[in-house]
Amino acid sequence: MKVTRTASAAFTAEFESEEELRLEHAANLSFNALALETSESVARDATLLVTLRGPWGGETFVKATVVAALPGRIALAIEGGPEEMLRRLLARTEEEEPEKKAPNAWDRMRSLSQMEKLLLAVKADRSERAILAQDNDPRVLLSLLRNPRLTVDEVVRVAKSSFLTFQVADVIVKASQWMGSVDVRVALIRNPKTPPAFAMRILPTLPEAEVRAVARAGTNMALKTAALRLLQGR
């Protein structure tokens, strides 16, 4: 398996033969697990986007969580149906033009202009949205939030973004269907880019454990003080 880190939270894993793919499926994929052989350092519990590529160009994208960082490899828990994953990876996408390899999603995104990304974000499918959510242009995040198929877990990813701006946070905070999620509120309160006024508004709606975490380890002194007062009043 050839493993390449393509972004801070993204990897590509290419199987070089059908035998290698089937062995990995039997040992790990069928149990929604994956072993990436890499010397790259990744924190435990980090969320990754992994592009899996079969020996004939078949691709699938999976969301993965780091469960262990071992010498020379990373153990992941992945989402998705194992059999459907295997079917996609065994697909032959290059039968008519074997010399021309189809570009993967990351390659396609890199070839787009910022205007094209903005237009794509409002209608992108889930795999495209996972990549766009990591874009360093806040305008792309704003466009992404207009996508009607956006799920709560994807909003959490945007709320955690280091490229969060006042405008992006404002759109999230004003959407009751998103702010009804504890995960979204926690993601915002933990993000130092969240405007203090929004963080103060979110604080009283959090579970006590999260309020204690803010009081104990928050980086904003005013927010820490507010959390301490809130705890004293409960």
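Which residues have the most contacts inside the largest nonpolar core? Keep that question in mind while you move through this structure, which is a predicted model.

Begin by selecting the open sheet, whose six strands lie in the order β1-β2-β4-β5-β6-β3 and pair in a mixed fashion. Colour β1 (2–7) and β3 (33–37) next, and you will find them at the edges, where each has a single partner strand, so one side of each is left without a neighbour in the sheet. If you turn the view, look for the twist, which averages 35 degrees from one strand to the next.

Stay with β3 and add β6 (residues 73–78), to which β3 is joined by five bridges, the two strands running antiparallel. Within this pair you can pick out Leu36, whose bridge partner in β6 is Ile74.

Now select helix α8 (residues 166–173) and show the side chains of its buried residues, which are Val168, Ala169, Asp170, Ile172 and Val173. Around these buried residues you can display the helices against which they pack, namely α6 (138–144), α7 (152–159), α9 (176–179), α10 (182–190) and α11 (196–202).

This brings you back to the opening question: the largest nonpolar core has 45 residues, and those with the most contacts inside it are Leu132, Ile172, Leu188, Ile189 and Leu203. Its largest share, five residues, comes from α10. Centre the view on Leu203 and, leaving aside its neighbours within four places in sequence, you will find it in contact with Ile189, Val211, Val214, Leu223, Ala226, Ala227 and Leu230. Finally, select Phe15, Val50, Leu52 and Val62, which are included in a second, separate core of 23 residues.

How values were computed:
Residues numbered from 1 in each chain as written. Predicted model: local features only at pLDDT ≥ 70, side-chain atom pairs only at ≥ 80, totals over all residues. Heavy atoms only, no water. Pairing = 2+ DSSP bridges. Helix = DSSP H or I, 4+ residues; strand = E, 2+ residues; numbered from the N terminus. Axes fitted to C-alpha atoms, helices over the stretch in contact; angles between N-to-C directions. Buried < 20%, exposed > 50% of the residue type's maximum accessible area, 1.4 Å probe, protein only. Contact = heavy atoms within 4.5 Å. Core = buried A, V, L, I, M, F, W, Y, C linked by side-chain atoms within 4.5 Å.
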